[in-house]
Amino acid sequence: MEAVAAILAGGEGRRLRPYTDLIPKPMIPVGPEEKPVLEHIVEWIARHGVRDIVLLVGYKWRYIRNYFRDGAGLGARIRYSVDTPEYRGTGGALLQAYRRGLLRNPTLVWYGDILAALNPLDLLKTHEEKGSHATLAIATRYQVPVGVAEMGEDGRITGLREKPELSINATIGILAVDPSVLDEAEQKLGRNFDIMAGLIPYMIERGYRVYAYIYNGPWIDVGSMERYAKLDPDRLAEILNPENT
């Protein structure tokens, strides 16, 4: 299956300031080798056979381009779609790359602050087998970043669980999508919209085939200072070196 990956790497990363005053959010270092989050993602995707990669960049985009170049050093072919004021939001960035002829059916979309030991080819295979227009990676459990209190009717706290894992169907910022749906979506959504908050609800409403890909493996969102500062080294090792855990 010939697929292209679009990695969202254009945000300002305000929740990771002051680090992102100097470097773009996807270049935040993680792991024992302190490689950028984006490098881990590119390496993982390319290692699993999706080597045609488009980086959707904006904020401090030259920093990213100067680091990755054409991607040959990582076994990938990297091209760039630079954000413009006309196309905004994650959906706008995807739409602009589509209009530039950089995407094709199917496209793997991966948010640039998400690390997961998810096999992209398996996700794309599910997408193809179901004849889906969009297939979202779904985790059936989610660890909330705050404590959860149990209370009686009188307001008395009877229990407290610190950052528990809840049984919910959580999107994790990875999906397969047929970008050709953007032709119709643009007429309704314009050029300023988000993928998860705008495009996917629109597709569901319009009757497009949107399916889940259940992923029970480890994943980490490093999109905020709190999450970055409290990265679990064991979980990080599960993601970065799954064969050794």
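Select Thr-126 in this predicted model. Thr-126 belongs to helix 4 and has a relative accessible area of 15%; because buried means under 20%, Thr-126 counts as buried. Display the surroundings of this residue next. Neighbours within four places in sequence left aside, Thr-126 is in contact with Thr-135 and Tyr-213.

Now extend the selection to the whole of helix 4, residues 120-129. Its buried residues are Pro-120, Leu-123, Leu-124, Thr-126 and His-127. Viewed down the helix axis, these buried residues fall within an arc of 155°, so they line one face of helix 4. Rotate to the other side of the helix, where Glu-128 and Glu-129 are exposed.

Which elements do the buried residues of helix 4 pack against? They are helix 1 (37-47), strand 6 (107-111), strand 8 (134-139), strand 13 (170-177) and strand 14 (210-214).

The two ends of helix 4 merit a separate view. At the N-terminal end, select Asn-119, which caps the helix: one of its side-chain oxygens lies 3.0 Å from the backbone nitrogen of Leu-121. Following helix 4, select Gly-131, which has a positive phi, near 60°.

Proceed to strand 8. Six of the six residues of strand 8 are buried. Both of its faces are covered: Ala-134, Leu-136 and Ile-138 are buried on one side, and Thr-135, Ala-137 and Ala-139 are buried on the other. Thr-135, already met as a contact of Thr-126, thus appears here among the residues of strand 8.

Add strand 13 to the view. Strand 8 and strand 13 run antiparallel and are joined by five bridges. Ile-138 stands opposite Thr-171 of strand 13, and Leu-136 has Leu-175 as its bridge partner in that strand. Then add strand 14, which pairs with strand 8 in the parallel sense, again over five bridges. Here the bridge partner of Thr-135 is Tyr-211.

Next, show the complete sheet. In what order do its seven strands lie? The open sheet follows the order 5-4-1-6-13-8-14, with mixed pairing. Strand 5 (77-82) and strand 14 stand at the edges; each has a single partner strand, so one side of each is left without a neighbour in the sheet. From one strand to the next, the twist averages 25°.

With the sheet still displayed, select helix 1. Helix 1 lies across strand 1 (4-9), strand 4 (52-57), strand 5 and strand 6, and runs at about 170° to strand 1. Helix 2, residues 61-68, also packs on the sheet, where it touches strand 1, strand 4 and strand 5. The direction of helix 2 makes about 170° with that of strand 5.

The final stop concerns aromatic rings. How many aromatic pairs does a search of the whole structure find? The search finds one. Select Tyr-67 and Phe-68, which form this edge-to-face pair, with 4.9 Å from centre to centre and 65° between the planes. Colour the two residues by accessibility: is each of them buried or partly exposed? Tyr-67 is partly exposed, with a relative accessible area of 41%, whereas Phe-68 is buried at 6% relative accessibility.

Note on methods: Residues are numbered from 1 along each chain as its sequence is written. This is a predicted model: local features need pLDDT of at least 70, side-chain atom pairs count only at pLDDT 80 or more; totals for chains, interfaces and linings use all residues. Side-chain values use heavy atoms; hydrogens and water are left out. Buried means under 20% relative accessible area, exposed over 50%, partly exposed in between (1.4 Å probe, protein chains only). Helices (H or I, at least four residues) and strands (E, at least two) are DSSP runs, numbered from the N terminus. The arc is that of the directions from the helix axis to the C-beta atoms. Contact means heavy atoms within 4.5 Å. A polar contact is a pair of N or O atoms within 3.5 Å; within protein, one must be able to donate a hydrogen and the other to accept it, and residues adjacent in sequence count only if both atoms are side-chain atoms. Two strands pair if DSSP finds at least two bridges between them. Axes are lines fitted to C-alpha atoms, for helices over the stretch in contact, and angles run from 0 to 180 degrees between N-to-C directions. Rings of Phe, Tyr and Trp (its six-membered ring) pair if their centres lie within 6.5 Å; planes under 30 degrees apart count as stacked, over 60 as edge-to-face and the rest as tilted.
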